[in-house]
Amino acid sequence: MRIARPAFALFALSAAGCAVDAAAPDLAVDAPPLAESWIVSATPSIDLWSSGLNTNLSAWKHIHCYEDHGDGYMLTGINVHQEAIADPDEFVARMTGECREFDLTDPALPRTGGFATSNIFEAPLFRTGVFQLDVVDDNYPIGLDLKVDGNDDYVKDVRIVYAPLNWNATALALGSYSVTSWAFGYAGDNVSLSCPAQSVMTGLALRFDEVEGKIRKLKIHCRDLQP
């Protein structure tokens with residue numbers, strides 16, 4: 001069994017003028033960094049909410065950060081618009097998404113300059129004012145909370161769930177999760193779409209009623225994040 005040699009032994013040998021070139025590779029193997037890089041799974045998992053209504057449904061509209069931009073991209077922002085002022089119901093009537101890149105070769109997973117936005121869907125009518133939901137820096141998206149109407153028929157509001165890394169940057173600290181504010185503050189029933197433990201949200205897809213403009217089905221895409 002190999003025994004790890006302390007770093008001061010290498011310093012002592014060097015100070016004495018002894019050759020240490022042959023020992024250096026062994027030291028690197030014996031005492032690796034806690035995590036040199038991260039891996040994002042190529043296979044997604046999905047959590048789905050469905051109203052069960054299928055009339056006038058669109059095809060799936062989506063944002064896929066991982067597939068479209070690279071394995072370091074996660075869904076860190078959602079921008080939404082309200083229903084038209086004249087509409088008696090309250091609901092999400094337009095949605096765009098923001099993908100941001102993280103440096104998977106760095107255990108701290110810092111954000112890079114990589115950034116991409118995509119239009120996900122828009123109802124026939126919606127208000128021009130936009131409400132922005134963004135994951136705080138040094139945190140990672142792990143799910144989506146929805147407000148749905150009392151009949152579980154459509155999405156009224158949305159917010160993002162996110163978590164930081166633990167103290168030694170080896171895993172997500174899921175017990176320290178946070179949420180953005182609700183976009184509109186509409187009342188409704190809560191629905192939580194959650195990534196499995198140690199997974200991050202890399203996209204979402206939805207189907208909406210092309211006549212009424214309401215989201216009837218919504219699912220998030222998650223991928224394992226492991227050092």
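Q: Before we start, what do the accessible areas come from here?
A: Accessible areas come from the Shrake-Rupley method with a 1.4 Å probe, and they are applied here to a predicted model.

Q: How much area does the protein chain expose, then?
A: The protein chain exposes about 11200 Å², of which carbon and sulfur atoms supply 53%, while buried residues make up 46% of its 227 residues.

Q: How many helices and strands are there?
A: The protein chain has three helices and 13 strands, and among its contacts between residues at least 6 apart in sequence, 70% join residues at least 24 apart.

Q: Switching to charges, how many salt bridges does the structure hold?
A: There are ten salt bridges, one of which joins Lys156 to Glu90, with the closest N and O atoms 3.4 Å apart. That pair links distant parts of the chain, since Lys156 lies in strand β9 (residues 155-163) and Glu90 in the loop between β4 (73-82) and β5 (92-102), 66 residues apart.

Q: Is Lys156 buried or exposed?
A: Lys156 is buried, at a relative accessible area of 12%, whereas Glu90 is partly exposed at 33%.

Q: And what does Glu122 pair with?
A: The side chain of Glu122 meets that of Arg94 in a salt bridge of 3.0 Å, N to O, which connects strand β6 (residues 111-122) with strand β5 across 28 residues.

Q: Which residues are linked in a network of salt bridges?
A: The network links Asp89, Asp209, Glu212, Lys214 and Arg216. Within it, Lys214 and Glu212 form a salt bridge at 3.4 Å, N to O; Lys214 counts as buried at 6% relative accessibility, and Glu212 is partly exposed at 39%.

Conventions:
Residues numbered from 1 in each chain as written. Predicted model: local features only at pLDDT ≥ 70, side-chain atom pairs only at ≥ 80, totals over all residues. Heavy atoms only, no water. Helix = DSSP H or I, 4+ residues; strand = E, 2+ residues; numbered from the N terminus. Buried < 20%, exposed > 50% of the residue type's maximum accessible area, 1.4 Å probe, protein only. Contact = heavy atoms within 4.5 Å. Salt bridge = Lys/Arg side-chain N within 4 Å of Asp/Glu carboxyl O.
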